[in-house]
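Me: I'm new to this one. Could you show it to me and then take a few questions?

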Amino acid sequence: MAPPLQLSYVSLRTTLKGIESVDLVLDGGPLNIHKSQGKGTFARHFDEPMTFATEQLTLSVSRKKRRLPFMSEKIIETVTISSTEVQSGLQGHEFYREWDKTHITLGVSLETDTAPTPGISEPPADSQGLQSTTEELIKQCPRFRILVIGKSGVGKSSLINRVFGVDVASVANDEAGKADIEKEIISPQNDRFILHDSQGFEPAEGHNTDAVRSFIETRKKMPHIKDQLHAVWLCFQIPIIDYGQRLLEEGVEECLERGANTILRNTPTIVVFTKYDTLLTHMRTKSTGDPEAEAREYLEKNCVKPIQVFTRDNNISCVAVSSKLKHERGHEKLIDLTHKKVSESFTSLPDTLSAVPFAAAGAQRMVPRVKIESSIDVGKQRYWKFLASSPDFQGYAMLECLRVIHTDIVSAWNFYDPSEYLYSVEFRHLMTNMAGLVDRPAASASPSTHPTRSDTFSQKTIPLVAAVLITLPFVAGLALVQWAYETYQRLQNAHLKFMAYIVDLTHVLEILFALTASRKVKKLTRTAIKLAFNAYYDSTWMREVHSEITSVERSMVYRDVILEKITSLLPSSGADAKVSAALEGRQSVDLERDEGWHGAGDG
């Protein structure tokens, strides 16, 4: 007779609407399966594995189902899984079952596989499993709240759309002074920021100045940081003096005054000079020397200096930008300045990560370096510390430990991923299998199976071709290496797997970011994810990373060298060249086609 099965965790990922709760019925009363971070995801890790002694287990799914246009009723649906079915369908230590648009995973082992090991501490008492650090940060501040001030036509909409990767309807269509500053503008394409718009301070429009003052002062008094104003962009179009244009209007002068009656007070503020491309074009028509140098000199004399003189502040933050396609510049400096000032304003303790800078880093969709630095800050708060001897991971399977690390990293990047493919079991398993290669001899690594073509990718232009299927090196969501099911403290060299997983996932996301840079208003597809994964998997970049990781000496794993090694491999200095090299020669595909994990279907 086969030994009894033991159930270590249950997870469900579903696209069904209206699910309110999921219960497990096994050898007695029901046990609630907790709703996890991620839409349509329920999971529970059992501190003590449950013996599957009966012939079957049942999952009870409670959901509201619409019967009439204005009426719904609560129904209970059950899924029954027999022990015989589990025994015959086990893949490693996991059993998979599809049911009505729902992917069910059971973590299972034989009773003989899970005998306690002397000297191992008891698992944590938290029955909900490991909790992500980013989940708490997002609860504190779900969105970065920014006020953009500027008269109609200065280029606010283009600036916002480019920095935040959205397609916001024009925010500059109202008559000057008529915009509703209290209105929260939220884009479904990027739910990590809230925009407040204020039109320019035209002469004699004093009531608009009053509205801005009242709005900022009210927001400062809000008790919760999520409701406070986090930053202000004060936008001016660069004036062409030859055309009789002026920089400052009367209301703007009042807005910039420092002292007891200042409007902005200590709110993180950046002065943004827009349409720098227009200045460059003007300089090229009249310049007899270097138009770039002359444009910089003009900007300093006619924009920056007047602002500094009027405000009596030589340190006021200013940046010139151009959001015109093929002439973009200045956005990275603007993002860096904004993040720096927000961090200074909303971080009270050294070496801690505040929810507002995290929201600001996630909201922008132009500078991957800022996202990587934010991800590092998140990791340093908890889970990346002491990876070789972490008290947080005691008693958990490696798969669960990697899940929470995965969630924190993906959350920091904030892709437009409404289907949550980056949080899926399939993608996590792909990354787990890749990390498992870190201590495998180099000669045993699988060669590339992906042919090249003449119509290949570049970072700036992504050509589209019809129906080129992407074959993954691993079977997504179906096969996992044995070490993933081992308890954290039992696995030798667990730190190598953690290091590889963190660095590999970050670099895959860097490649994915480059692939989708020109189409951020489009939903993320599995096609794009698979292409990014394969590009990194086949690259010398991955092999070099794994070689660097395995060079960490065993005698040093209990010191800070692990964290130092991870952070040394993550910064994106020179990453553009590595991303381009990873994509070089790869077949072009239609990134808008949502190819399934296993092929053309849903997988």
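Below are some questions and replies about cavities and one histidine in this predicted model.

Me: How many cavities of 30 Å³ or more are there?
Reply: Let's start with how you'd look for them. Rolling a probe the size of a water molecule over the atoms shows where empty space is left. With a cutoff of 30 Å³ or more, the number of cavities comes to 3.

Me: Which helix gives the largest share of the lining of the second largest cavity?
Reply: That cavity has a volume of about 70 Å³. Its lining includes Phe144, Trp233, Ile335, Thr338 and His339. Helices α3 (156–164), α8 (331–346) and α9 (355–363) each bring at least two lining residues. The largest share, 3 residues, comes from α8.

Me: How many residues in that lining are nonpolar, polar and charged?
Reply: Val163, Phe164, Ala360 and Ala361 are among the residues around the second largest cavity, and so is Gln364. Sorted by kind, the lining has no charged residues, 3 polar and 7 nonpolar.

Me: Is His282 buried or exposed?
Reply: You'll find His282 in helix α6, which covers residues 276–286. Its relative accessibility is 10%, and the cut-off for buried is under 20%. So His282 counts as buried.

Me: Which side chain does His282 join through a polar contact of 3.2 Å?
Reply: Leave out residues up to four places away in sequence, and His282 touches Ile240, Asp242 and Tyr243. The polar contact of 3.2 Å runs from the side chain of His282 to that of Asp242.

Notes: Residues numbered from 1 in each chain as written. Predicted model: local features only at pLDDT ≥ 70, side-chain atom pairs only at ≥ 80, totals over all residues. Heavy atoms only, no water. 1 Å grid on protein atoms, 1.4 Å probe; cavity = no way out; pocket = protein on both sides within 12 Å on 5 of 7 lines; lining within 4 Å. Points joined across faces, edges and corners; volume = space filled by probe spheres on them. Helix = DSSP H or I, 4+ residues; strand = E, 2+ residues; numbered from the N terminus. Nonpolar A, V, L, I, M, F, W, Y, C, P; charged D, E, K, R; others polar. Buried < 20%, exposed > 50% of the residue type's maximum accessible area, 1.4 Å probe, protein only. Polar contact = N/O pair within 3.5 Å; in protein donor to acceptor, adjacent residues only side chain to side chain. Contact = heavy atoms within 4.5 Å.
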